[in-house]
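Q: Please show me how to read the features of a structure, one at a time, with the general idea ahead of each case.

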Amino acid sequence: MGLRKGSWKILFPSCFGHTRNRSSNGVLKRKIRRSEIRELQELQRTLYTFLHVIATHDLSSVFLSPRSRAYLEATMELLLNTACGHKDILVRKACVQIFIRLIKDWCTSSYGEELLPGFQAYIIQVFATKCCFYSVLDRSFEFRDANTLVLFGEIVLAQKVMYEKFGNEFLVHFVSKDFPAAHCPQDLAEEYCRKLRGADIKAFKSFYQSLIENLRQQQNGSLVFR
């Protein structure tokens, strides 16, 4: 990129703060003109692109700079909510890609070593549960849509990356906490573990889609997205 890392550390808090303030002001208004809505939507798309560039161009340390720390929690919340339920599937995909990169950058393979304390627990207990499980379990996640399948591929990759980084700490939580909530049969949970540990990501993706569709049929619409 043309800018030095120090410049990105200045740009991020300014850009994020400006976008959040504009969005908040728009929400608080009782009547918003269509032109304002379009402007806010375009501003948000620009922000997602900006965050994606930072994360995917070896600049993720920008989020951890002293100037950016004040916005870090809000940034994670925005990325998570968008990854789970934004109406634009491609925006959701970009946010999942950001999480994947942050996991790679901020989480080492050695237990107890974290660039951002608490981030690993957040990924395992919140991101994995809400984005990688409940968001795809929701029937609005349409597997027949081509873009949704691309998003699903990123969600599958995220699980592989989490297992590579966190090992059984991720796997045990995902299978013992999240699966039982959806009444997942034990044999399917065990098969999930085998497929995740395997080297064939296509086979894992195919199995996980089958698992989700199976759980949807069992729930018969009774599961509420969390």
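## Reading exposure, confidence and charge pairs

Q: Is Asp200 buried, partly exposed or exposed?
A: The labels depend on relative accessible area, computed with a 1.4 Å probe on protein chains only: buried is under 20%, exposed is over 50%, and partly exposed lies in between. Asp200 counts as partly exposed because its relative accessibility is 44%.

Q: What should I know about the model before I go further?
A: This is a predicted model, in which local features need pLDDT of at least 70 and side-chain atom pairs count only at pLDDT 80 or more, while totals for chains, interfaces and linings use all residues. Residues are numbered from 1 along each chain as its sequence is written, and side-chain values use heavy atoms, with hydrogens and water left out.

Q: How is confidence read, and where does pLDDT stay under 50?
A: pLDDT is the predictor's confidence in each residue, on a scale from 0 to 100. The protein chain averages 86, and 80% of the residues score at least 70. Over residues 25-30, however, pLDDT stays under 50, and for that stretch the model has four contacts (heavy atoms within 4.5 Å) beyond four places in sequence.

Q: Where in the chain is Asp200 found, and which backbone nitrogen does the side chain of Asp200 reach at 3.1 Å?
A: Helices (H or I, at least four residues) and strands (E, at least two) are DSSP runs, numbered from the N terminus. Asp200 is in the loop between α8 (186-197) and α9 (201-219). Its side chain reaches the backbone nitrogen of Ala203 at 3.1 Å, and a polar atom of that side chain also lies 3.1 Å from the backbone nitrogen of Lys202.

Q: How many disulfides does a search of the whole structure find?
A: A disulfide is a pair of cysteine sulfur atoms within 2.5 Å, and the search of the whole structure finds zero. For Cys95, which is in no disulfide, the nearest cysteine sulfur is that of Cys131, 9.0 Å away. Cys132 is likewise in no disulfide, with the sulfur of Cys131 as its nearest, at 4.8 Å. Cys95 counts as buried, at 1% relative accessibility, and Cys132 is buried too, with a relative accessible area of 0%.

Q: How many salt bridges does the structure hold, and which residues are linked in a network of salt bridges?
A: Side chains of opposite charge can pair when their charged atoms come close. A salt bridge is a side-chain nitrogen of Lys or Arg within 4 Å of a carboxyl oxygen of Asp or Glu, and the structure holds six. Asp58, Arg101 and Asp105 are linked in such a network. Asp58 and Arg101 meet at 2.3 Å, N to O; this pair joins distant parts of the chain, 43 residues apart, with Asp58 in the loop between α2 (34-56) and α3 (69-85) and Arg101 in helix α4 (residues 89-106). Arg101 also meets Asp105 at 3.3 Å, N to O. Because Arg101 and Asp105 are four residues apart in helix α4, about one helical turn separates them.

Q: Are Asp58, Arg101 and Asp105 buried, partly exposed or exposed?
A: Asp58 is exposed at 54% relative accessibility, whereas Arg101 is partly exposed at 22% and Asp105 is partly exposed at 28%.

Methods: A polar contact is a pair of N or O atoms within 3.5 Å; within protein, one must be able to donate a hydrogen and the other to accept it, and residues adjacent in sequence count only if both atoms are side-chain atoms.
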